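Biologist: Please take me through one part of this model up close. I'm new to this, so plain words would help.

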Amino acid sequence: MNPRLLLAIYLAITLAPLGLSAFSGRPARSLWDELASGAGMLAYAIILAEFLLSGRFRSISRRIGMDVTMRFHQLFARSALVFALLHPFLYRAPSKPPYPWDTTRQLTLTDDLSAIASGVAAWLLLTPLVLQAIGRDRLDMRYEVWRLMHGLGAAAVAALLLHHTLAAGRYSADPVLAAVWIGLFAIALASLLSIYLVKPVLKRMRPWVVDSVRPVAARTWEVTLAPRGHGGLRYLAGQFAWLNIGHGPASLFENPFSISSAPAAGNRVAFIIKELGDFTRTVGRIRPGTPAYLDAPHGHLCVAGRDEPGIALIAGGVGIAPLLGILRQLRLDRDPRPTLLAYGNRVAEQIVCRDEIDDLARHHGTRVIHALQEPPPGWTGHSGMLDAAFFRDHLADPGMREWLFVICGPPAMMDAAETALIGLGVPARQIICERFRYD
Amino acid sequence: MIDPFSRYPAPVRHRLVYLAVTAIMLLGLLAFALRGVIAGG
């Protein structure tokens with residue numbers, strides 16, 4: 001879907017309750033009371049839209065990228081929190097039984113304790129829900145536990161707010177607006193159910209099995225999966241998958257990993273995984289034959305369909321995984337365009353698939369520039385990081401300004417690369433990168 | 001079509017789009033809240 005159309009739909013969803021309220025025929029109240037109600041409605045609409053932004057829906061993420069979808073999920077959660085926190089403090093009208101002549105509750109707020117209690121409970125739950133997500137990396141909590149708590153917490157907030165909005169909301173007395181709230185809530189709930197109920201069923205129908213696990217660098221492994229009883233996965237080189245190895249299809253034990261294989265190489269799918277976190281620490285001990293499930297394909301780190309005259313791939317560490325998939329695909333396609341791989345690591349032992357990369361240089365003509373922060377004696381590649389100076393030295397050729405640049409690696413390296421490329425006059429549309437860490 | 005954000009890296013572009021959308025939301029909220037004041041003169 002077109003990014004501008006997506007933004008327009010997002011604004012329509014989040015502003016629709018305000019618009020319907022404004023034209024509901026109810027007389028306006030004081031500025032502060034209307035601000036309070038408006039902030040509450042805006043917060044709830046944003047919260048319900050958050051479910052769609054976190055739902056791994058390819059119709060939403062295909063054009064703008066899963067990382068951008070998730071980034072907006074993170075950012076708008078902050079907006080929802082601010083509007084929700086302000087909501088109760090902006091009211092000036094008293095909370096008491098309505099005056100007999102005030103049939104539209106223009107002068108008082110509801111005094112129904114259950115309607116207020118559900119709002120207070122959601123209000124109290126929302127702050128830790130958002131703050132916990134922002135500070136997740138600093139929490140001593142497994143990703144799977146956090147994910148379960150986040151999903152259940154969000155569903156509880158949405159349900160409590162539906163009750164609060166319908167029971168206490170002055171404008172929700174309008175049946176059209178009440179129907180909109182119920183409809184938006186149903187869509188949000190359906191998006192949650194699609195991830196936790198529908199996707200597991202689909203995954204069970206397309207099981208995978210670990211075919212091989214081989215070391216490709218220090219503490220880094222390439223895990224290859226083979227389809228079991230189906231034709232495999234239709235994907236583009238450079239995309240990623242949520243990978244679940246050794247757990248049931250409904251398990252929360254799944255993590256996103258870039259696919260390092262090329263679709264043209266066959267129906268096996270490979271992932272390059274570095275030993276870093278809970279799951280990845282054990283990756284070297286995975287046995288062939290272990291069952292696996294994939295939620296894939298996702299991501300837009302792809303060169304398929306791009307017609308730039310050359311392709312430069314810039315990788316840091318294990319960020320080589322999707323770029324290796326792209327290079328493998330370009331080689332199998334016998335793509336005649338020039339390619340360049342700039343690949344940074346700390347030490348030589350961390351260079352992933354070094355022999356294969358050398359082979360790509362020899363037989364596909366890829367220009368490879370290795371950069372090491374701690375080079376060994378006699379190192380002939382670049383010494384240092386992939387920083388602004390590196391990009392100025394190696395990518396400033398005016399002929400490369402028309403190229404496509406694909407970047408994957410640590411956030412600091414991606415920032416340096418993108419900033420340097422834009423500084424060199426490369427248009428943003430020719431730079432592809434995916435980021436999954438922002439806060 | 002000219003993209004006004006194309007000179008910025010992706011994180012900055014995303015933040016600018018976010019701020020633009022938030023500004024539209026705030027305008028919508030203000031219009032909603034002020035309609036009584038405006039109608040009342």
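Modeller: Let's look at where the two chains touch. Chain A and chain B bury about 2500 Å² between them, counted as the accessible area (1.4 Å probe) that both lose on being put together, summed over the two. Carbon and sulfur atoms carry 76% of that buried area. Keep in mind that this is a predicted model, where local features need pLDDT of at least 70 and side-chain atom pairs 80 or more, while totals for chains, interfaces and linings use all residues; side-chain values use heavy atoms, without hydrogens or water. Residues are numbered from 1 along each chain as its sequence is written, with chains lettered from A and ligands numbered from 1 in the order written.

On the chain A side, 35 residues are in contact (heavy atoms within 4.5 Å) with 25 residues of chain B. Five residue pairs between the chains are in polar contact, both at pLDDT 80 or more; that's a pair of N or O atoms within 3.5 Å, one able to donate a hydrogen and the other to accept it, and neighbours in sequence count only if both atoms are side-chain atoms. There are also two salt bridges between chain A and chain B, each a Lys or Arg side-chain nitrogen within 4 Å of an Asp or Glu carboxyl oxygen. One of the salt bridges joins A:Glu418 to B:Arg13, with the closest N and O atoms 3.7 Å apart.

Which parts of chain A do the touching? H1, H2, H4 (66-86) and H11 (411-423) of chain A each supply at least two residues of that side. H1(A) gives the largest share, nine residues. These helices are DSSP runs (H or I, at least four residues; strands are E, at least two), numbered from the N terminus.

Now for the partner. Chain B has one helix and zero strands. Of its 41 residues, 32% are buried, meaning under 20% relative accessible area (exposed is over 50%, partly exposed in between; 1.4 Å probe, protein chains only).

Back on chain A, follow H1 (3-22) off its end: A:Ser24 sits in the loop before H2 (31-53). A:Ser24 is partly exposed, at 23% relative accessible area. Its side chain reaches the backbone oxygen of A:Ser21 at 2.8 Å and the backbone nitrogen of A:Arg26 at 3.4 Å. Leaving aside neighbours within four places in sequence, A:Ser24 is in contact with A:Tyr171 and A:Asp174. A:Leu177 is 153 residues away from A:Ser24 in sequence, but their C-alpha atoms are 8.5 Å apart in space.
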